[in-house]
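The exercises below are meant to be worked with the sequence and the 3D view side by side. Please try each task before reading its solution.

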Amino acid sequence: MADEHILTLSCPDKPGIVHAVTGVFADQGLNILDLQQFSDPTTEKFFMRVHFGPTSTPSTEHLRGPFDALAATYAMAYDIRPVAQKARVLIMVSKIGHCLNDLLFRAKTGQLPVDIPVIVSNHNDFAPLAASYGIEFHHLPVTRDTKAAQEAQVLELVRQHDVELVVLARYMQVLSPTLCSAMSGRIINIHHSFLPSFKGAKPYHQAYDRGVKIIGASAHFVTADLDEGPIIEQRVARVDHSMSAKALVDEGSNVESQVLAAAVKWYAERRVFLNGTRTVIF
């Protein structure tokens with residue numbers, strides 16, 4: 001995969017886009033290994049992901065001219081990345097660590113195409129876990145009075161480590177509109193319930209009280225509207241009357257880890273596109 005690349009693009013929908021894009025690859029003598037596309041009739045936007053290669057050199061600068069011309073013609077936003085280029089991820093966590101532990105293990109074993117240079121927490125609990133993986137850990141406590149300064153430190157770490165994506169792995173603090181805006185489309189949260197039901201601190205206990213038959217988790221982009229960002233992935237697990245609230249929490253933890261890992265993987269593989277309040281996933 002060293003000389004294979006991913007093209008992602010979006011633009012207003014109109015005839016001729018696929019022909020124009022694939023024509024560039026044909027003109028350059030490049031093979032399309034996989035292509036996915038979607039035209040949204042509601043938003044009238046077009047989305048495409050193309051896996052292509054191998055290229056004769058690791059550089060794709062020779063493609064910039066043709067695609068810049070297409071971008072001007074079709075009002076297109078596009079990006080070309082090497083398949084081998086890993087997304088750099090900053091993880092934020094509080095005192096519940098199952099999602100953090102799962103992401104670290106998957107990254108280390110090659111199941112997630114990400115590099116994790118830094119972990120941030122408002123508690124010190126997971127400093128030893130970070131150290132065991134050789135990852136920089138920053139304990140940044142936060143209160144209402146210090147939130148702006150603490151989030152400025154987070155953004156500085158994003159800059160220092162060239163971070164592309166921030167993952168909230170059960171980080172139990174509400175981000176400010178300032179941080180949400182600065183990292184728009186680049187923060188993923190795991191919500192410990194099947195949105196939009198059972199919001200709040202103890203969704204599994206609420207589910208237990210209501211006698212639900214399924215529980216679930218939702219991974220979504222973070223916006224200034226709490227837990228209202230575009231949803232990337234949701235999964236459920238069956239439960240029944242014999243299970244205690246703790247059993248629901250344990251089962252929910254498994255689902256949360258799976259859902260968050262899937263969302264991070266798809267983002268890192270350039271499969272996730274924002275489409276207004278929704279997402280397109282290839």
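**Exercise 1. Helix packing around H8**

Task: In this predicted model, establish in which hand H3 passes H8, and then describe how H3 and H7 are each oriented relative to H8.

Solution. Helix H3 passes H8 in a right-handed crossing. In general, two packed helices are described by the angle between their axes and the distance between the axes. For helix H3 (residues 98-108) and H8, the angle is about 45° and the axes are 9 Å apart. Angles under 35 degrees would count as roughly parallel and those from 65 to 115 as roughly perpendicular, and H3 and H8 are therefore oblique to each other. Turning to helix H7 (residues 203-210), its axis and that of H8 come within 9 Å and cross at roughly 125°. Because roughly antiparallel requires an angle over 145 degrees, H7 and H8 are likewise described as oblique to each other, and the crossing of H7 and H8 is right-handed.

**Exercise 2. The length of H8 and what follows it**

Task: Check whether the end-to-end distance of helix H8 agrees or disagrees with its number of residues, and then characterise Arg-270, which follows H8.

Solution. Helix H8 covers residues 245-268, and its 24 residues, at 1.5 Å a residue, should span 34 Å. The expected span uses one less than the number of residues. The end C-alpha atoms of H8 are 34 Å apart, so the distance agrees with the expectation. After H8 comes Arg-270, in the loop between H8 and strand E12 (272-275). Most residues other than glycine have a negative phi, but the phi of Arg-270 is positive, near 60°. With a relative accessible area of 10%, Arg-270 is buried, because the cut-off for that class is under 20%.

**Exercise 3. An aromatic pair that involves H8**

Task: Classify the ring pair formed by Phe-221 and Tyr-267, and say where its two members lie.

Solution. A search of the whole structure finds six aromatic pairs. The rings of Phe-221 and Tyr-267 are 6.4 Å apart centre to centre, with 65° between the planes, and the pair is edge-to-face. Phe-221 belongs to strand E10 (residues 214-221) and Tyr-267 to helix H8, so that the pair links distant parts of the chain, 46 residues apart. Both partners are buried, Phe-221 with a relative accessible area of 3% and Tyr-267 with one of 11%.

**Exercise 4. The annotated ACT span**

Task: Describe the span that UniProt annotates as "domain: ACT", and locate the residues in it that have unusual backbone geometry.

Solution. An unreviewed UniProt entry places this feature at residues 6-85. The span is 28% helix and 38% strand, and its end C-alpha atoms lie 10 Å apart. Ring pairs link Phe-25, Phe-52, Phe-67 and Tyr-78 into a cluster. For the backbone, note that most peptide bonds are trans, whereas a cis peptide bond joins Gly-53 and Pro-54, with omega about 0°. Pro-54 lies in the loop between strand E3 (45-52) and helix H2 (64-74). The C-alpha atom of Gly-53 is separated by 5.5 Å from that of Asn-31, 22 residues away along the chain. Asn-31 sits in the loop between helix H1 (17-27) and strand E2 (32-40), and at 46% relative accessible area it is partly exposed. Finally, Ala-75, in the loop between H2 and strand E4 (77-82), has a positive phi, near 50°, and at 55% relative accessibility Ala-75 counts as exposed.

Definitions and conventions: Residues are numbered from 1 along each chain as its sequence is written. This is a predicted model: local features need pLDDT of at least 70, side-chain atom pairs count only at pLDDT 80 or more; totals for chains, interfaces and linings use all residues. Side-chain values use heavy atoms; hydrogens and water are left out. UniProt positions are given in the numbering used here, feature names are shortened, and annotations may be inferred rather than shown by experiment. Helices (H or I, at least four residues) and strands (E, at least two) are DSSP runs, numbered from the N terminus. Rings of Phe, Tyr and Trp (its six-membered ring) pair if their centres lie within 6.5 Å; planes under 30 degrees apart count as stacked, over 60 as edge-to-face and the rest as tilted. Buried means under 20% relative accessible area, exposed over 50%, partly exposed in between (1.4 Å probe, protein chains only). Axes are lines fitted to C-alpha atoms, for helices over the stretch in contact, and angles run from 0 to 180 degrees between N-to-C directions. A crossing is left-handed if the near helix is turned anticlockwise from the far one by less than a right angle, and right-handed if clockwise.
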